[in-house]
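This note is offered to a colleague beginning to read protein structures. The numbered points below may be followed with the sequence and the model side by side.

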Amino acid sequence: MRLLFIRFSAIGDIVLASPALRCAKQQIPGVEIHFLTKKSMKAVSEANPYVDQFHYFDKDLSATIQELKAYKFDYIIDLHKNLRSLRIRLALGVPYLSYNKLSVEKFLLTKFHLNKMADRHISLRSVDTLAPLGVVYDGKGLDYFVPSEVKEPTFFPEGYVALVIGASYATKKLPLDSLRALCAQIPHPIVLIGGKEEKEDGDTLALGDPSRIVNTCGTYSLHESALMVAKARVVISHDTGMLYIACAFEKNVIAIWGATSPALQVEPLMPVDSKAQVFQSIVPDLSCQPCSNFGTKICPKGHFACMKKQDLPEIVRQVDKMW
């Protein structure tokens, strides 16, 4: 059997889809797994041993479709479920299975705060997609693989807190002043992790205590940042891809929620037998939260209470508990 899995983006969503790839490969005898994603997402899955062949979409979807036609897939496993994946399904004309995106339920939750979400994590719904092929969730959590040739950056051999300061939208990030206060209260070495967009903020935060805080934002690759997360004693992260990479490494995790929410069924997922500790920091009793599936550029209400009212002392207490 030859299966084509589709998940175009983003980092976190691809990691969240990883159990479906693993379970399919391990539970379907002789299966050949193909995975289609955006070229810009290549690093996220390139070392996954459960994938037999990768396909990358850049700008020309027609060319991608022509390439895929040569493989004569038995099924398409659509874990993205958008217009592009629909176009591919129609063009290839083979049977397909698509996951339950719960679009209506998410709309009701974020726009009217009516929680009709199924009590089923997004990763488990991805595996559920494969139920007609006899595949079930194995309880082993998320996967993230780093190529063997990637060298591990080394900081603070005695241990450190990895603080992921980035996110795709402003309303999923603590304000800089809150991050500065959090760094000042954490009594342990800190490695700041983020992309080029966070480098300036990282420099500002590191100036608060250069001997204890190291800014790696924009300096290291995704794989190198993942290895830094893997070596941390505790990982603090907004709702972003590195949160789920931390889960894949079974790290003690503190997830900070703003515009989005665990109610969207995207909470940190650990293996069923994991000893890793998870704490979810969310401001209680906010009638406007969550306000978005993905985050927004500015707070729709203007007060940004979901981040400005975060209980920083409690986050620090949880760090000490996990340390």
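1. Lys81. A good place to start is Lys81, which is found in the loop between β4 and α5. The model is a predicted one, and the backbone at this position deserves attention. Most residues other than glycine have a negative phi, and most peptide bonds are trans. Lys81, although not a glycine, has a positive phi of about 60 degrees. Is Lys81 buried or exposed? Neither word fits: its relative accessible area is 36%, and because partly exposed covers the range between 20% and 50%, Lys81 counts as partly exposed.

2. His113. A positive phi also appears at His113, where the angle is near 55 degrees in a residue other than glycine. His113 is placed in the loop between α6 (103-112) and α7. Its relative accessibility is 32%, so His113 counts as partly exposed.

3. Cis peptide bonds. Which residues does a cis peptide bond join in the loop after β1? The bond links Ser9 and Ala10, with omega about -15 degrees. Ala10 belongs to the loop between β1 and α1. A cis bond also leads from Gln289 to Pro290, and its omega is near 5 degrees. Pro290 sits in the loop between β11 (278-281) and α12 (305-308).

4. Overall form. The protein contains 13 helices and 11 strands. Measured figures are not involved here; the C-alpha trace in the model spans about 60 × 50 × 40 Å along its principal axes. Why may the radius of gyration be said to agree with a compact globule? A compact globule of 323 residues would have a radius of gyration near 20 Å, and the protein has 20 Å, so the two agree. Of the 323 residues, 54% are buried.

5. Strand pairing around β4. Strand β4 (residues 75-78) is paired with strand β1 (residues 2-6) in the parallel sense, over four bridges. Within this pairing, Leu3 stands opposite Tyr75 of β4. Strand β4 also runs parallel to strand β5 (residues 96-98), to which three bridges join it. Here Asp78 has Ser98 of β5 as its bridge partner. Between β4 and β5 the chain passes through helix α5 (residues 83-92), and this β-α-β crossover is right-handed. The loop that holds Lys81 therefore lies on this path, between β4 and α5.

6. The largest pocket. The largest pocket holds about 1300 Å³ of space. Its lining comprises 44 residues, and those nearest its centre are Ala10, Ile11, Gly12, Ser168 and Gly241. Two or more lining residues come from each of α1, α3, α6, α10 (222-231) and α11 (241-248). Which element gives the largest share of the lining? That element is α1, with four residues. By class, the lining of this pocket divides into 19 nonpolar, 15 polar and 10 charged residues. Ala10, already met at the cis bond with Ser9, is thus listed among the residues nearest the centre of this pocket.

7. The largest cavity. Rolling a probe the size of a water molecule over the atoms shows where empty space is left. How many cavities of 30 Å³ or more are counted in the model? The count is two. The largest cavity has about 80 Å³ of space. Its lining is made up of Ile14, Val15, Ser18, Leu21, Val44, Ser45, Asn48, Asp143, Tyr144 and Phe145. The elements α1 (11-16), α2 (18-27) and α3 (42-45) each give two or more residues to this lining. Six of the lining residues are nonpolar, three are polar and one is charged.

8. The second largest cavity. The volume of the second largest cavity is about 50 Å³. Around this cavity stand Arg7, Asp13, Leu16, Ala17, Leu79, Tyr99, Ile122 and Ser126. At least two of these lining residues are supplied by each of α1 and α7 (122-128). The lining consists of five nonpolar, one polar and two charged residues. Helix α1 thus contributes to the linings of both the largest cavity and the second largest cavity, as well as to the lining of the largest pocket.

Technical notes: Residues are numbered from 1 along each chain as its sequence is written. This is a predicted model: local features need pLDDT of at least 70, side-chain atom pairs count only at pLDDT 80 or more; totals for chains, interfaces and linings use all residues. Side-chain values use heavy atoms; hydrogens and water are left out. On a 1 Å grid over the protein atoms alone, a cavity is a set of points where a 1.4 Å probe fits but cannot get out, and a pocket is an open set with protein on both sides within 12 Å along at least five of seven lines; lining residues have an atom within 4 Å of a point. Grid points are joined across faces, edges and corners, and a volume is the space filled by probe spheres set on the points. Ala, Val, Leu, Ile, Met, Phe, Trp, Tyr, Cys and Pro count as nonpolar, Asp, Glu, Lys and Arg as charged, and the others, Gly among them, as polar. Two strands pair if DSSP finds at least two bridges between them. A crossover is right-handed if, with the strands pointing away from the viewer, the path from the first strand over the helix to the second runs clockwise. The radius of gyration is taken over C-alpha atoms; the globule rule is 2.2 Å times the number of residues to the power 0.38. Buried means under 20% relative accessible area, exposed over 50%, partly exposed in between (1.4 Å probe, protein chains only).
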